[in-house]
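The following exercises concern a ligand shell and the packing of helices. Each task is followed by a solution in steps.

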Amino acid sequence: MKMKKVPAISEEYSAIGFGCWAISGSDVWNNTTDHDSIEAIHAALDLGVNFFDVAPVYGLGHAETVLGQALEGKRDQVYIASKCGLVWDAQKNVTVNLTRNSLFQEIDASLQRLQTDHIDIYQMHWPDPQTPIQETMEALVDIQNTGKIRYIGVSNFSLALTQEAMKYGEVVSYQGLYNLLEQNPTTYHAIDLDYRTQDEILPLCRDKGLAYLPYSPLFQGLLTGSFSQSNNFDDNDVRSENPKLSGPRLGQYLEIVKQLKTFAQSIDKPLTQIALNWLIAEEAIPTVICGAQNPSHVEQNVASTTWELTNDMIAEIDQIVAPYKTSGLV
Ligand SMILES: NC(=O)c1ccc[n+]([C@@H]2O[C@H](COP(=O)([O-])OP(=O)(O)OC[C@H]3O[C@@H](n4cnc5c(N)ncnc54)[C@H](OP(=O)(O)O)[C@@H]3O)[C@@H](O)[C@H]2O)c1
């Protein structure tokens with residue numbers, strides 16, 4: 001396994017990590033069973049994956065619970081990144097809450113589900129406009145001082161809010177939407193994003209030595225090259241809520257995927273591995289948190305670390321994507 005490191009974090013992470021949203025349960029993501037999820041996590045461990053990204057809100061506690069079960073007796077081999085700030089009520093309504101009181105409750109619930117005494121990176125999942133960032137950061141620093149979290153990270157924050165958070169404590173990572181076909185995305189599902197990954201956040205991460213953790217690195221499966229114009233997932237799959245993965249928008253992306261597949265054939269490598277290696281080539285990215293639901297996915301994704309894209313290959317990819325960047329699609 002190729003290992004990577006950024007200045008703000010002492011440890012080396014496996015270039016391929018594991019994203020746990022897809023192990024939330026069958027009512028969230030295509031026909032996932034806990035058995036398959038645990039097998040996928042064990043396959044990842046066997047192949048040297050040492051970084052797992054999860055969140056309380058994934059399956060409303062379910063993904064953290066499954067990850068905790070899968071890591072029983074193996075916790076000291078891995079780093080866990082979880083999140084805070086999205087809470088739910090008895091009716092399963094999810095709201096944003098980064099208040100001090102809520103954070104102190106959330107951390108203990110996460111530790112219990114994960115069967116651990118600490119989380120390695122604790123990330124604010126989405127901004128909470130109702131709570132001053134100073135209150136949130138001071139609470140997180142207090143939790144950090146108890147040893148329940150090691151590092152603090154942000155996710156989906158604007159550049160200005162990230163910089164403000166950094167005034168009140170040490171922030172080591174930024175998690176945001178980034179993949180070959182979403183380089184400066186303006187939306188995620190139905191949500192407007194008030195950050196631009198390539199133009200604003202990656203320069204900050206490179207400058208300050210922070211980790212950039214790219215989410216949806218395979219564009220939720222589109223960049224595996226296996227999607228067609230319809231029937232890519234069930235109606236109850238969360239991806240059915242992504243307007244980029246249906247109708248005319250999907251058609252536009254499939255057109256670029258077709259060209260990328262031709263390029264993939266020319267170098268005799270799978271498109272999935274090209275998409276992952278394109279991210280691994282970025283110095284600010286220590287690990288690529290791919291979603292995976294079975295051992296075969298994990299094996300294919302980890303295999304990308306056995307080779308690298310050359311500068312010429314990256315230039316050819318950029319050339320394919322460039323017109324769509326100009327038009328604002330990518
Ligand atoms: N901070 C945030 O707001 C946020 C938001 C989204 C995600 N995330 C994090 O980022 C992680 C990854 O993002 P993601 O799950 O949205 O999308 P992703 O990693 O881009 O795509 C995951 C999906 O791609 C397919 N796949 C993966 N490897 C494959 C392979 N080798 N061959 C064929 N198909 C393969 C599988 O779907 P099929 O069902 O089609 O097989 C899998 O569920 C999440 O798990 C989560 O930890 C964070």
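**Exercise 1. Classify the residues of the shell around the ligand as nonpolar, polar or charged, and state which come nearest.**

Solution. Step 1: the shell divides into 10 nonpolar, 17 polar and 1 charged residues. Here Ala, Val, Leu, Ile, Met, Phe, Trp, Tyr, Cys and Pro count as nonpolar, Asp, Glu, Lys and Arg as charged, and the others, Gly among them, as polar.

Step 2: the model is predicted; local features need pLDDT of at least 70, side-chain atom pairs count only at pLDDT 80 or more, and totals for chains, interfaces and linings use all residues. Residues are numbered from 1 along each chain as its sequence is written.

Step 3: of the 28 residues around the ligand, the nearest are Gly19, Trp21, Tyr215, Leu218 and Gly291. A residue is near if its C-beta atom, placed from the backbone, lies within 6 Å of the molecule or strand.

Step 4: at least two shell residues come from each of strand 14 (288-291) and helix 9 (295-302). Helices (H or I, at least four residues) and strands (E, at least two) are DSSP runs, numbered from the N terminus.

**Exercise 2. Describe how helix 1 packs against helix 9.**

Solution. Step 1: the axes of helix 1 (residues 34-46) and helix 9 are 8 Å apart, at an angle of about 30°. Axes are lines fitted to C-alpha atoms, for helices over the stretch in contact, and angles run from 0 to 180 degrees between N-to-C directions.

Step 2: helix 1 is therefore roughly parallel to helix 9. Angles under 35 degrees count as roughly parallel, over 145 as roughly antiparallel, 65 to 115 as roughly perpendicular and the rest as oblique.

Step 3: Glu39, Ala40, Ala43 and Ala44 of helix 1 make the contact with Pro295, His297, Val298 and Glu299 of helix 9. Two residues are in contact if their C-beta atoms, placed from the backbone, lie within 7 Å.

Step 4: these contact residues divide into 5 nonpolar, 1 polar and 2 charged.

**Exercise 3. State how helix 7 and helix 10 are oriented, and which residues meet.**

Solution. Step 1: the axes of helix 7 (residues 247-267) and helix 10 (residues 311-326) cross at roughly 165° and come within 10 Å.

Step 2: the two helices, helix 7 and helix 10, are therefore roughly antiparallel to each other.

Step 3: Ile256, Gln259, Leu260, Phe263 and Ile267 in helix 7 meet Met313, Glu316, Ile317, Ile320, Val321 and Tyr324 in helix 10.

Step 4: the contact of helix 7 with helix 10 comprises 9 nonpolar, 1 polar and 1 charged residues.
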